[in-house]
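Q: Could you take me through the inside of this protein, with a close look at its largest cavity? I'm new to this one, so please explain the terms as you go.

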Amino acid sequence: MKLTQVVPEGRQFIAGYGAGLFRISGVVHRGSVLVFPERTLPWPVTEIEGLGVEDLAAVAEAAPPIDVLLLGCGERMQPVPRVVRESLRERGIGVDSMDTGAACRTYNVLMGEGRRVAAALIAL
């Protein structure tokens with residue numbers, strides 16, 4: 001799916017997603033990714049089952065800190081493992097899980113508003 005929006009200069013914008021890839025700020029990324037306002041990183045996670053605190057270390061340690069993490073779970077929303085949710089909450093990071101498409105769209109809106117948001121996106 002292709003997404004369109006006015007993007008603040010220097011910010012990562014998710015322009016499209018599907019079939020195992022994401023188009024972010026003009027670059028195609030294959031597989032799952034972590035998207036921050038300033039950069040995008042590969043993310044080796046392929047499913048929520050077994051997601052651990054260490055899988056989101058880059059989010060927990062981000063500078064400047066992230067306020068909200070959107071967890072794109074693939075084709076459908078799944079609950080965030082409690083230990084992950086609690087660990088992020090201790091660092092002042094809220095986490096919302098949703099399907100990957102919704103996470104892409106929500107990331108773009110929050111990033112466009114200037115929020116300190118990140119998205120952990122499992123490829124479809």
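A: Let's start with the walls: the lining of the largest cavity is made of 5 nonpolar residues, 1 polar residue and no charged ones. Here Ala, Val, Leu, Ile, Met, Phe, Trp, Tyr, Cys and Pro count as nonpolar, Asp, Glu, Lys and Arg as charged, and the others, Gly among them, as polar. This is a predicted model, where local features need pLDDT of at least 70 and side-chain atom pairs pLDDT 80 or more, while totals for chains, interfaces and linings use all residues. Residues are numbered from 1 along each chain as its sequence is written, and side-chain values use heavy atoms, without hydrogens or water.

The lining residues are V53, L56, A60, V84, S87 and L88 (each has an atom within 4 Å of a cavity point; on a 1 Å grid over the protein atoms alone, a cavity is a set of points where a 1.4 Å probe fits but cannot get out). Helix α2 gives the largest share, 3 residues (helices are DSSP runs of H or I, at least four residues, numbered from the N terminus). The volume is about 30 Å³, that is, the space filled by probe spheres set on the points, which are joined across faces, edges and corners.

L56 turns up again in the largest nonpolar core, which has 21 residues: L56 is one of those touching the most other members, along with W43, L51, V59, L69 and L71. Such a core is a set of buried Ala, Val, Leu, Ile, Met, Phe, Trp, Tyr and Cys residues joined through side-chain atoms within 4.5 Å, and buried means under 20% relative accessible area, with a 1.4 Å probe and protein chains only. Helix α2 (82-90) also gives two or more residues to this core, as do β6 (68-72) and β8 (117-121) (strands are DSSP runs of E, at least two residues).

Terms used. Buried means under 20% relative accessible area, exposed over 50%, partly exposed in between (1.4 Å probe, protein chains only). On a 1 Å grid over the protein atoms alone, a cavity is a set of points where a 1.4 Å probe fits but cannot get out, and a pocket is an open set with protein on both sides within 12 Å along at least five of seven lines; lining residues have an atom within 4 Å of a point.
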